[in-house]
Structures are given as C-alpha cells and as structure tokens.
Amino acid sequence: TISHYFVFVFFFSTKMKTCISLLVAYLLSLLHTSSADIVWPLYSQQCRDDAGTPFGDDEEIYGPNGFYHDKSGAYPVLLEDGQCAKPLQQACSLRPTYKAAYLEGPINCGDNGWYCRIMPDDNWPPQNLIADLNFGHCNTTDGFEDAGYDRDGHCHGSSYDSTYYWWIRDHFFRGYNGRLRCCCGWYEDTSIEPLYNRRIANRCDYRRLVTQEEDLSQCRDANEDHGLGFDDIGCDPQYEADQLNKPIPENDDICWEIQRFGYTEEEYDTPTANPATVPTPTAPTPTSSITTAPSPTPSSPPFPNPVPVPTAAPVPIPTTPVPNPTPAAPSGNTDCTDSPLQFRTENGQGEKVWRGCSWVANKPYRRCSNEEYAAHCRETCNSCNVCVDSPLKFKLVKDGNRIARDCGWVGNKQTLIRCGYDGVDEACPLTCDLCSEEEEDKRKNIFE
C-alpha cells in the first residue's frame with residue numbers, strides 16, 4: 001500500500017548503521033495498522049534517573065493507544081503550507097497525530113544527531129526551567145565573551161537520532177517548560193548548521209545513546225558522566241561582528257518547533273491530527289538579556305483553551321524552590337521551606353556525594369519518593385503536611401569552619417545556639433521547635 005511504501009522509504013533514508021533496526025520497526029508496524037501507528041521507540045533507553053512514569057507501564061497508565069503527552073498543552077508548529085517541518089515529515093506520515101510525531105519522532109536527521117533549546121515563554125509557566133538554564137545564544141556580547149554564560153534557556157542534544165524520544169520525555173516530566181526549538185546536526189559537517197559550528201549556542205548538554213544490549217538497571221543517567229557535552233567551547237569569535245544583536249543563523253529546512261512544551265497539572269483538549277497552521281518561523285532581533293530563537297508565538301493554540309482538571313495529576317511537579325533567608329535564631333514558628341544546606345548521599349556508583357534541594361527539584365518524580373530527601377526538601381517535595389527532622393547528614397558553617405553534622409547533634413546540647421546556625425532550623429524543624437501545633441499533631445498521629 002502507499003502508506004507502507006512511505007514507511008519503507010523512511011527506513012532507508014537514514015545511515016546504514018540504523019537501517020536494520022529501523023527495518024525491524026517497519027515490519028513490526030505492519031502488525032499495528034489498526035492503530036495507525038508504528039512501533040516506536042524500538043527499545044527502552046530509559047535510565048534510573050529519567051523523570052516521569054516508567055516506559056514499560058505506558059499502556060496501563062495511558063491506555064492501549066495513548067501517549068504520556070496526550071492531554072498536555074504542547075502542540076507542533078507547522079510550516080506555512082500546513083506541512084510538518086522537513087525532519088519530521090516522514091514521522092508525520094507514520095504517526096497517528098502530528099503532536100506524537102513532533103514529541104516522539106522518529107526524527108530524520110540522517111542519524112547525525114540533533115540539538116534542542118527550551119526557551120522561556122511569557123505565556124507558559126516555566127516550572128523548573130529557570131533553575132537549570134545552561135546556555136547563551138551566539139548573538140550577544142555575553143554569549144560570545146563567556147562560554148559559561150547561561151541565561152537564555154536550556155540546551156541539550158545528541159549525535160544519535162534515536163535519543164530524541166528519551167530526552168524529550170525526560171525533560172517534559174522534569175517540568176522544563178517553555179518554547180522548544182530543535183535542529184539537526186551535532187558535530188561539524190553533519191547538517192547545514194550543526195551545533196559544533198559554534199554559531200548557535202555557547203554550550204549544550206548531551207544525551208548519550210543507551211544500546212539495546214545494555215543493562216538498564218546499571219544506567220543511572222544518560223545525560224551525565226560521559227564527557228560528551230558541548231562544554232568550555234563557546235561561540236566562535238569570528239562570527240561576533242556579523243551576528244551581534246542579530247538573529248542567529250538558523251535554517252528552517254533542518255529545524256522544528258513545539259510550543260507550550262512541558263508538564264503542567266492542567267489538562268487540555270486533544271488537538272486534531274492536523275492542527276491549525278502558523279506562519280513560517282522568522283527570527284526576531286534580540287531585545288533583552290534572554291535572546292529568543294526564531295518563530296513567533298501564535299496568537300492562540302490550535303485547540304481549545306485548557307479544561308479544568310477535577311482531580312490533581314498523579315504526581316505534581318513543584319515550582320522552582322527559592323530558599324528563604326535563614327534567621328539568626330529560631331523564631332518558634334516558620335513556613336515550610338527547603339533546607340539550604342547540602343546533604344550527604346550516594347551516587348549510582350555507591351560513592352558518597354553532597355547534594356542540595358535544587359538537585360532534588362531537577363527530578364522530583366523520582367527523588368521525592370525517597371523519604372530522606374522529602375524530609376530535607378519539604379517544599380520541593382510537597383511534604384509540608386508533616387513536620388519532621390531531616391535524617392541526613394548535612395554541611396553547615398560553625399565558627400568559620402564547614403562541618404558535617406545531623407539533627408541528633410543539634411539536639412544533643414546547646415540546641416538554641418545550634419539552631420541559629422544558617423540553614424539548621426530548616427533542616428531540623430522538629431528539634432528547633434519550629435513545628436506548629438497542627439503539624440505536631442499530624443506527626444504524632446503518624447509516628448506514634
């Protein structure tokens with residue numbers, strides 16, 4: 001049939017190293033013609049620290065033909081003629097909706113990789129995006145002169161096309177909300193304008209390929225501990241004169257965009273398979289410190305306004321925690337806040353490391369299920385209903401020296417003085433007598 005022909009063409013449009021695996025997906029997709037979809041992704045690359053629901057539970061959670069993003073506000077930006085962006089045209093012909101094609105792929109970058117930037121959108125709550133801004137565009141003085149300048153958004157990419165699905169899913173559930181702009185090409189000479197041309201962003205994180213032969217239980221985080229990021233490289237100074245305060249040189253032939261990206265507790269009506277078109281993206285001239293990439297925001301989304309949700313989403317993503325200033329001495333009562341003190345825990349290799357509540361906030365779905373983290377980061381983990389001490393060892397400054405202690409030490413002697421050290425009363429609210437009577441009653445009911 002014609003649809004099978006397009007599937008066959010897609011699979012042989014990529015490099016030889018992926019032809020065999022994609023052909024398997026084609027053959028398997030013939031068994032799923034009733035659902036008008038292909039088998040994608042081919043296998044799980046979900047590591048332990050990836051945010052969101054377990055991939056293997058998707059059918060149980062979202063239904064036989066459902067997707068994790070079905071009721072999200074995200075929608076694809078189409079070309080002026082109503083077609084999908086070129087790297088996603090094959091996916092749009094294979095997937096049941098354009099939304100699924102844009103958020104899942106398979107993207108067609110010739111297996112030369114991709115890079116995406118999530119940028120703040122005034123019309124869409126950023127949730128946890130602002131806490132992990134990591135790049136600057138190559139059209140500002142800060143972006144060119146400082147390889148570590150990081151106020152324009154969050155950049156992430158890979159040299160493998162198949163990793164796109166897994167990065168999108170992870171960062172969607174992290175609540176890195178904003179306007180998502182992606183393009184083909186990671187290393188030099190892999191597209192018209194790859195990231196390594198050093199004309200787009202001054203830095204960018206990397207998602208490594210998790211092979212089908214790997215033991216997923218041993219994969220902690222495909223976004224870390226590989227040394228493959230675009231770090232300490234920066235924008236190429238030879239382009240500064242041409243690009244300063246001008247649009248970055250993007251090419252729409254290799255790029256695509258998603259508006260309203262990221263998780264929220266609100267649910268939205270499911271858009272049609274062919275959402276309303278929007279004008280072809282155009283690059284605005286930067287006018288502020290946060291320099292946006294091309295494409296205006298449409299005046300309205302291609303589907304109705306959000307529908308109120310009668311019940312809360314399964315696991316809410318909290319807003320970015322902002323620690324309150326620590327009082328010099330406990331006041332006898334306090335609002336529920338995170339402890340600003342770093343705590344000791346173990347990484348995936350069993351090594352002792354120090355972390356803070358901002359680390360917990362990056363992946364609250366997974367990390368807040370740890371009761372020790374939830375006690376230390378009460379605001380981030382929405383565990384304010386019970387007032388308990390952090391059971392973790394934390395670092396504090398005493399007499400000008402940084403020491404590691406716990407709440408047992410705080411309560412052992414000189415408690416009033418020790419509770420006055422910066423951050424201690426937030427870590428040990430029970431010991432420092434900061435629990436309200438209502439919280440104390442709840443604690444007794446639970447623990448006694």
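Are C84 and C92 buried or exposed? In this predicted model, both C84 and C92 are buried, and the two cysteines are also bonded to each other, which makes them a useful way into the disulfides of this structure.

**The disulfides**

A disulfide is a covalent bond between the sulfur atoms of two cysteines. When the whole structure is searched, 13 disulfides are found, and three of them, including the link of C84 and C92, are set out in the table below.

| Pair | S to S distance | Torsion about the S-S bond | Handedness |
|---|---|---|---|
| C47 and C219 | 1.9 Å | 70° | right-handed |
| C84 and C92 | 2.1 Å | -100° | left-handed |
| C407 and C428 | 2.0 Å | about -90° | left-handed |

The link of C47 and C219, with 70° about its S-S bond, is right-handed. This pair links distant parts of the chain, for C47 and C219 are 172 residues apart. On one side, C47 sits in the loop between α2 (16-29) and α3 (58-62), while on the other side C219 sits in the loop between β5 (205-206) and α8 (240-243). Both ends of this link, C47 and C219, are buried.

For C407 and C428, the torsion about the S-S bond is about -90°, and the disulfide is therefore left-handed. This pair, too, links distant parts of the chain, with 21 residues separating the two cysteines: C407 belongs to helix α12 (residues 407-412), whereas C428 lies in the loop between α14 (424-427) and α15 (437-447).

Why do C407 and C428 count as buried? A residue is called buried when its relative accessible area is under 20%. C407 has a relative accessible area of 7%, so C407 is buried, and C428 is buried as well because its relative accessibility is 0%.

**A hairpin of two strands**

A further feature to look for in the structure is the hairpin formed by β9 and β10. Strand β9 (residues 394-398) and strand β10 (residues 401-405) pair in the antiparallel sense, and 5 bridges connect them. One of the residues taking part is L396, whose bridge partner in β10 is I403. Between the two strands of the hairpin there are 2 residues, and in this hairpin D399 takes a positive phi near 55°.

Methods:
Residues numbered from 1 in each chain as written. Predicted model: local features only at pLDDT ≥ 70, side-chain atom pairs only at ≥ 80, totals over all residues. Heavy atoms only, no water. Disulfide = S-S within 2.5 Å. Helix = DSSP H or I, 4+ residues; strand = E, 2+ residues; numbered from the N terminus. Buried < 20%, exposed > 50% of the residue type's maximum accessible area, 1.4 Å probe, protein only. Pairing = 2+ DSSP bridges.
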